[in-house]
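Hi,

Here is the structure I said I would pass on. Have a look at it first, and then read my notes underneath.

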Amino acid sequence: MRKRTNSIIFIIVIVVFFAAGCQKKDTTKQNDIKIYYSAIESGDYYEGWASQLQKQAEQFGCKLDAGYAEKSVEVQDVQIKNAFAGGYHVVLCGLVSPDIAVEIKAAAKDIPIVFINNAPADNQLEKDRYVYVASDEFMAGQYQAEYLLEKLKQKEEINLVILKGPKEASGTIGRTDGLKQTLKASGKKINYVFEDYANWSEDTAKELMEIFLNLGKPVDCVAANNDDMALGAIAAFEEAGFELDQVLFLGVDASEKGCEAVADGKMDFTVYQPMSAQIAAAIEAARKLAAGESIGGIEGATKDGKYILLPFEKVDASNVEQYR
């Protein structure tokens, strides 16, 4: 009798366990999901991401909270640990540095991660568990190169300035590589007359260009990894008395100010990064990973299940009004 009673108790425990597990899974499928976004830093750009992510999450009944690591590895590590302790189902993470992906994954324990804003190394991603949502950064640089090669096709050699983002940022690396490799493949002689990190900053770019202009070197084109740095360069050239139509100014992002500069004839070219599409894809990926599902059906998902890549779009005077 005692043995039979113990058996009944054991069966009841198993049934309750599996019922609880099924209930949790069903709840997740109903989009009752808690998402934590650890942003690289505060400020208009990343706070804008957080606001749009929250709106997108709310459309599906998901809760999203955001924290700002202020470029601190230690702060971001604590944020992710707190997300696990706080019962969040999935993390969105803009890595402070690509080098800390291992640490962040350890802090998240069994929580899946959707990386955005800054890419970890490929070997740190895992199918339907650790994924990266973005656009192909190489393509942005490639588009810049194609534009300047077409506009300057009569020149035997081109004097080029490159203004780059933060040294370790995936956007900096991908966009610069795309630019340089495409230029190299063209066979055209390219003189890199100035190249430095302006860290996405308009003010820093302006200061660097003021230094460059004092050197008196010839320049045909300034290619910046983002619009803000291109705008900083434009301001420096204007203040130095240069005719802007003598130099090509290229940016990336098709920001509001960038598109305005294109429309005004100051900036020649930029590349639209589909932020809204990236945000929608990031939330969709978060929902699927939290429910233990594959990202395979999401537009832009790669066959290896590690990336969701959305295409950039070329923007110049001919189509800029579509992006304003």
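Which residue follows H6, and is its phi positive or negative? The residue is Gly187, and its phi is positive, near 80°. Before I go on, please keep in mind that this is a predicted model, so everything below is computed from it.

**The chain as a whole**

You are looking at 324 residues, 49% of them buried. The secondary structure adds up to 10 helices and 12 strands. Along the principal axes, the C-alpha atoms take up a box of roughly 100 × 35 × 35 Å. If you take the contacts between residues at least 6 apart in sequence, 70% of them link residues at least 24 apart.

**Helix H6**

Back to the helix I asked about. H6 has 17 residues, which should span 24 Å at 1.5 Å a residue, and its end C-alpha atoms are indeed 24 Å apart. Its buried residues are Ser170, Gly171, Thr172, Gly174, Arg175, Thr176, Gly178, Leu179, Thr182 and Leu183. Their cover includes helix H5 (137-151) and four strands: S5, S6 (157-164), S7 (189-197) and S8 (221-224).

Arg175 is the one I would click on in this helix. Its relative accessibility is 4%, and since buried means under 20%, Arg175 counts as buried. Leaving aside residues up to four places away in sequence, Arg175 touches Glu137, Phe138, Ala140, Gly141, Trp200, Asn225, Asn226, Val252, Asp253, Gln273 and Phe312.

**The largest pocket**

Some of those names come back here. The largest pocket has a volume of about 1300 Å³. It is lined by 46 residues, and the closest to its centre are Tyr45, Tyr46, Trp200, Asn226 and Asp253. Trp200, Asn226 and Asp253 are also among the residues that Arg175 touches.

Which elements give two or more residues to the lining? They are strand S5 (130-134) and the helices H2 (44-59), H6 (170-186), H8 (227-239), H9 (256-263) and H10 (275-290). H2 gives the most, with five residues. By type, the lining splits into 19 nonpolar, 14 polar and 13 charged residues.

While you are on H2, find Gln54, which sits in that helix. Gln54 is partly exposed, at a relative accessible area of 30%. Between Gln54 and Ile104 there are 22 Å in space, C-alpha to C-alpha, and the two are 50 residues apart in sequence.

**Helix H3**

One more helix to look at. H3 (residues 73-85) has 13 residues and reaches 19 Å from its first C-alpha to its last, close to the 18 Å expected. Gln76, Asp77, Gln79, Ile80 and Ala83 are its buried residues. Why do they line one face of the helix? Looking down the axis of H3, the buried residues fall within an arc of 160°, so one face holds them. Glu74 and Ala85, on the other side of H3, are exposed.

Covering the buried residues of H3 you will find, among others, strands S1 (34-39), S2 (63-68) and S3 (90-93), along with helix H4 (101-108). H3 is followed by Gly87, with a positive phi near 80°; you will recall that Gly187, after H6, has a positive phi near 80° too.

Best wishes

Notes:
Residues are numbered from 1 along each chain as its sequence is written. This is a predicted model: local features need pLDDT of at least 70, side-chain atom pairs count only at pLDDT 80 or more; totals for chains, interfaces and linings use all residues. Side-chain values use heavy atoms; hydrogens and water are left out. The expected span of a helix is 1.5 Å times one less than its number of residues. Buried means under 20% relative accessible area, exposed over 50%, partly exposed in between (1.4 Å probe, protein chains only). The arc is that of the directions from the helix axis to the C-beta atoms. Contact means heavy atoms within 4.5 Å. On a 1 Å grid over the protein atoms alone, a cavity is a set of points where a 1.4 Å probe fits but cannot get out, and a pocket is an open set with protein on both sides within 12 Å along at least five of seven lines; lining residues have an atom within 4 Å of a point. Grid points are joined across faces, edges and corners, and a volume is the space filled by probe spheres set on the points. Ala, Val, Leu, Ile, Met, Phe, Trp, Tyr, Cys and Pro count as nonpolar, Asp, Glu, Lys and Arg as charged, and the others, Gly among them, as polar.
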